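Me: Could you walk me through this model, one question at a time?

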Amino acid sequence: MFDRYEGGESAILVHVDFPDASSQEDLNEFVDLARSANIEVLDIVTTSRATPQPRFFIGSGKLEEVADLVKDYKADVVLFNHALSPSQERNIEHELKCRVVDRTGLILDIFAQRAQSHEGKLQVELAQLRHLSTRLVRGWTHLERQKGGIGLRGPGETQLETDRRLLRGRIKTIERRLEKVEKQREQGRRSRQRANIASVSLVGYTNAGKSTMFNRITEAGVLAADQLFATLDPTHRRLQINDQLAVVLADTVGFIRHLPHDLVAAFKATLQESREADLLLHVIDASDERRDDNREQVYQVLDEIDATEATIIEVYNKIDQVEGLRPKAEVCPETGRMRVWCSAVDGAGIDLLMQAIADKVSKEWFEATLSLNHDKMALRGQLYDLNCVEREQITDDGCFLLDVRLQLADWKRLERKSEMDLSHLIASTSE
């Protein structure tokens, strides 16, 4: 059903340079993506256009050049470093007499190869089904025939209508299963909150060294490879920062520019780990010449999933690959964020990172006495669910005075849920 690659396939790559920065893709990253999918890159065709050609995305001359290369190399597939519309995919395949996969399809395939857990496989299948639902017509010649099918087709239903109906049913089934997974994750987060254990999540551009960093500070032994999207399924470990402080550290899937929306939607439960974290460690490849651009791409994805309000430490990794860089911890003068320069490979600067985590987690607590009247009982229930009420008393006029201590991130989340500033409820604050 899906565009699944078997190892050893060969491909012609097509890359178009557009003047519009929002439409530009990185050619080197595209080659890395292809190789991460175990594809042999036979040749690369590059061209420049002001806008995509409506029918074939590229000009007819370039299309003929690609067709000649497909014949000469006997290529299995042509990969486009851009998102193609379903009609463009069909038109190009018709001309090239060869499979055509766009950037979104390639990323989906890499995810399909990497998925190990039941949840990860469900998430990938959901993203693939949503992507496939707009491309059912491609390559089919019998879809307009009407045929009454026993047990499947209704009277007068075409093959295409049957496929779409079955596809919708499968999507709904997977969504229901993922809802159960999300509830289980939510229960785990609540149990950590009740135990007052802070959650820390590793985020960053793909291949920035998150899994290597995770292994260095937790000794977890998860897969760490020099390839894009080596990690797909999130991994959790308890991390003892010092004698008084422990956190739960999560290693999550890497981000990439123009991350397909189907993936963002399908991986909602996984990305929730980053959104609900008390502290984000944004791992950045200090040796990558595109590090500033990649960093901004990560913040765009974090903004998409509403995770920008969490405290963030920028971790500049791989300083062992850059001459002259030394371990250090500093505050960025432009953003005010803490930055730690270290190496997960040789351990240089990891002690500075652990100290930065301890400082941020231990300081990020909200302590106050709240005055709640009877129309705020829902908020009172939420505070008890967080297990953060240390003492409660009732005043003569019937108000509830609650002494609370909770993570600052949890307090901010309560404010977001209530869609209002709750500071007017504070009767007194203890520092």
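Reply: Happy to, starting with a term: helices (H or I, at least four residues) and strands (E, at least two) are DSSP runs, numbered from the N terminus. This is a predicted model, in which local features need pLDDT of at least 70 and side-chain atom pairs count only at pLDDT 80 or more, while totals for chains, interfaces and linings use all residues. Residues are numbered from 1 along each chain as its sequence is written, and side-chain values use heavy atoms, with hydrogens and water left out.

Me: Which helix holds Arg177?
Reply: The helix in question covers residues 159-194. Arg177 is found in α6.

Me: Is Arg177 buried, partly exposed or exposed?
Reply: Buried means under 20% relative accessible area, exposed over 50%, and partly exposed in between (1.4 Å probe, protein chains only). The relative accessible area of Arg177 is 38%, so this residue counts as partly exposed.

Me: Which residues form the positive surface patch?
Reply: Patches are made of residues with over 30% relative accessible area and no salt bridge, with like charges joined within 9 Å and nonpolar side chains (Val, Leu, Ile, Met, Phe, Trp, Tyr) within 5 Å. Lys and Arg count as positive and Asp and Glu as negative, while His and the chain ends are not counted; the place of a charge is NZ of Lys, CZ of Arg, CG of Asp or CD of Glu. Accessible areas come from the Shrake-Rupley method with a 1.4 Å probe, and for residues only the protein chains shown count as cover. The positive patch is made of Arg164, Arg168, Lys172, Arg176, Arg177, Lys180 and Lys183.

Me: Which helix gives the most to the negative patch?
Reply: The patch of negative charge on the surface gathers Glu64, Asp68, Asp72 and Glu95. Asp68 is partly exposed, at 44% relative accessibility, and is found in helix α2. With 3 residues, the helix that gives the most to this patch is α2 (residues 60-73).

Me: How many residues of α5 are buried?
Reply: Helix α5 (residues 118-132) reaches 21 Å from its first C-alpha to its last, close to the 21 Å expected at 1.5 Å a residue; the expected span is 1.5 Å times one less than the number of residues. Among its buried residues are Leu122, Leu126, Leu129 and His131. The helix is largely enclosed by the rest of the structure, because the buried residues number 12 of the 15.

Me: How many salt bridges does the structure hold?
Reply: A salt bridge is a side-chain nitrogen of Lys or Arg within 4 Å of a carboxyl oxygen of Asp or Glu. The number in this structure is 19.

Me: How many residues apart in sequence are the parts that Asp26 and Arg290 tie together?
Reply: These two form a salt bridge, their closest N and O atoms being 2.7 Å apart. Asp26 lies in the loop between β1 (10-17) and α1 (27-36) and Arg290 in the loop between β8 (279-285) and α10 (291-304), so the pair ties together parts whose separation in sequence is 264 residues.

Me: What is the relative accessible area of Asp26?
Reply: Arg290, its partner in the salt bridge, counts as partly exposed at 21%. Asp26 is buried, with a value of 17%.

Me: How many residues apart are Glu29 and Arg103?
Reply: Their side chains meet in a salt bridge (3.0 Å, N to O). Glu29 is in helix α1 and Arg103 in helix α4 (residues 103-114), so this pair links distant parts of the chain, and the separation is 74 residues.

Me: Is Arg103 buried or exposed?
Reply: Its partner Glu29 is buried, with a relative accessible area of 3%. At 3% relative accessibility, Arg103 counts as buried.

Me: Which residues share one network with Arg295 and Glu296?
Reply: Arg295 and Glu296 form a salt bridge, with the closest N and O atoms 3.5 Å apart. Salt bridges that share partners join this pair into one network with Arg291 and Asp292.

Me: How far apart in space are Thr212 and Ala344?
Reply: Thr212 is found in helix α7 and is partly exposed, at 29% relative accessible area. Along the sequence, Thr212 and Ala344 are 132 residues apart, yet their C-alpha to C-alpha distance is 6.0 Å.
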